[in-house]
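Biologist: I would like to learn how to read a protein model. Could you take me through one, feature by feature?
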Amino acid sequence: MFINLKDLKANIGSPIKLTLNSEPVFVEKEWQGRTFNVFNYRVLFNGVENELSATDSLKRKIDSELKVGDDFLLSWEEFTKDGRLMNYWKVVKEDNSGYQNLKQPVSNGVANGVNEFDQKLQESKAEQAVVKTNKEYVSPARNGMIFNNTIKLYIANDMAWTQDEFVSNYKRVESFLDSCENAQETKPFELPVEKPVQQKVALSQTYSQDDLPF
């Protein structure tokens with residue numbers, strides 16, 4: 001299970017509640033000929049452990065605001081600077097009193113000029129999207145697609161894998177799919193081909209998923 005950051009980006013300003021459950025683990029990935037760095041955290045979402053892959057900017061926010069065991073709200077926000085629309089990750093440590101630390105006192109159902117009902121509805125959109133993605137993530141159709149692509153690799157390698165190698169390559173195809181789903185730009189999934197092996201030399205580059213100016 002994982003937190004798909006694209007669900008949050010599609011619901012600007014709508015937070016999800018998580019619990020930080022681990023220190024970050026650095027991972028360097030390659031996709032579409034590009035290399036990028038992520039930091040994998042274990043987080044609790046609705047009581048279930050998920051993986052959260054953070055870019056450099058999100059990691060800075062998490063490390064500066066939280067420690068393991070903290071509850072927090074994560075959202076994708078936007079602002080305007082010099083006439084240019086920009087985005088950033090917002091991390092707010094929870095004080096175990098719901099969303100009180102995000103709101104001003106409510107008077108007659110209106111908070112900061114926003115109807116309280118509409119605000120709570122917006123807050124739930126990102127959470128609903130993440131739940132929906134996780135259901136699809138573990139669906140038979142998704143697993144079947146991963147299995148079929150693994151079989152193609154197995155055949156391309158003369159069906160010479162051991163059982164452990166098959167499991168390892170199944171997980172490799174699954175990780176490629178995860179990388180594609182969490183990439184900044186949507187591009188067609190390309191099946192990794194292991195044979196023939198060809199040495200490549202490329203300069204490593206680091207990519208960040210947002211345009212945070214600080």
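Biologist: How many of the residues in the protein are buried?
Modeller: Keep in mind that this is a predicted model. Buried residues make up 39% of its 214 residues. The accessible surface comes to about 12700 Å². Carbon and sulfur atoms hold 51% of that surface.

Biologist: What is the order of the elements from the N terminus on?
Modeller: Start with the tally: 5 helices and 8 strands. From the N terminus the order is α-β-β-β-β-α-β-β-β-β-α-α-α.

Biologist: What share of the contacts joins residues at least 24 apart?
Modeller: Take contacts between residues at least 6 apart in sequence. Of these, 61% join residues at least 24 apart. Here is one pair to look at in space. Leu-153 and Val-173 are 20 residues apart in sequence, and their C-alpha atoms are 9.4 Å apart.

Biologist: Is Leu-153 buried or exposed?
Modeller: The cut-off for buried is under 20% relative accessible area. Leu-153 has 2%, so it is buried. Leu-153 belongs to helix H4, residues 140-156.

Biologist: Next, strands. In which sense do E3 and E4 pair?
Modeller: Two strands count as a pair if there are at least two bridges between them. Strand E3 covers residues 34-45 and strand E4 covers residues 48-54. They pair in the antiparallel sense over 7 bridges. One bridge sets Phe-39 against Ala-54 in E4. E3 and E4 form a hairpin with 2 residues between the strands. There, Asn-46 has a positive phi near 55 degrees.

Biologist: Which residue in the turn between E5 and E6 has a positive phi?
Modeller: That residue is Asp-82, with a positive phi of about 55 degrees. The E5 and E6 hairpin has 2 residues between its strands. E5 and E6 pair in the antiparallel sense over 10 bridges. Among the partners, Glu-77 bridges to Tyr-88 in E6. E5 also pairs with E1, in the antiparallel sense over 4 bridges. Look for Leu-18, which stands opposite Phe-72 in E5.

Biologist: Which residues of the largest nonpolar core touch the most other members?
Modeller: Think of a core as buried nonpolar residues joined through their side chains. The largest one here has 21 residues, and Ile-3 and Leu-74 touch the most other members. H1, E1, E3, E4, H2, E5 and E6 each supply at least two residues. E3 gives the most to this core, with 4 residues. Apart from this core lies another, of 6 residues. Its members include Ile-146, Phe-166, Val-173 and Leu-177.

Biologist: Which residues of helix H2 are buried?
Modeller: H2 spans residues 56-65, and its buried residues are Ser-57, Leu-58, Lys-59, Lys-61 and Ile-62. Note that two lysines, Lys-59 and Lys-61, appear in that list. The buried residues of H2 pack against H1, E1, E3, E4, E5 and E6.

Biologist: Where is Asn-50 placed, and what does its side chain reach?
Modeller: Asn-50 sits in strand E4. Its relative accessible area is 1%, so Asn-50 is buried. Now check which polar atoms its side chain reaches. One is the backbone nitrogen of Phe-2, at 3.3 Å. Another is the backbone oxygen of Val-48, at 2.9 Å.

Biologist: What joins the side chains of Glu-94 and Lys-17?
Modeller: A polar contact of 3.5 Å joins them. Glu-94 lies in the loop between strand E6 (84-93) and strand E7 (110-111). With a relative accessible area of 7%, Glu-94 is buried.

Biologist: Last, the rings. How many aromatic pairs does a search of the whole structure find?
Modeller: The search finds 7 aromatic pairs. A pair of rings is described by the distance of the centres and the angle of the planes. Take Phe-79 and Tyr-88, whose ring centres are 5.7 Å apart. Their planes are at 65 degrees, so the pair is edge-to-face. Phe-79 has a relative accessibility of 22%, so it counts as partly exposed.

Biologist: Which residues do ring pairs link into a cluster?
Modeller: They are Phe-147, Tyr-154, Trp-161 and Phe-166. You have met Phe-166 before, as a member of the core of 6 residues.

Conventions
Residues are numbered from 1 along each chain as its sequence is written. This is a predicted model: local features need pLDDT of at least 70, side-chain atom pairs count only at pLDDT 80 or more; totals for chains, interfaces and linings use all residues. Side-chain values use heavy atoms; hydrogens and water are left out. Buried means under 20% relative accessible area, exposed over 50%, partly exposed in between (1.4 Å probe, protein chains only). A polar contact is a pair of N or O atoms within 3.5 Å; within protein, one must be able to donate a hydrogen and the other to accept it, and residues adjacent in sequence count only if both atoms are side-chain atoms. Contact means heavy atoms within 4.5 Å. Accessible areas come from the Shrake-Rupley method with a 1.4 Å probe; for residues, only the protein chains shown count as cover. A nonpolar core is a set of buried Ala, Val, Leu, Ile, Met, Phe, Trp, Tyr and Cys residues joined through side-chain atoms within 4.5 Å. Rings of Phe, Tyr and Trp (its six-membered ring) pair if their centres lie within 6.5 Å; planes under 30 degrees apart count as stacked, over 60 as edge-to-face and the rest as tilted.
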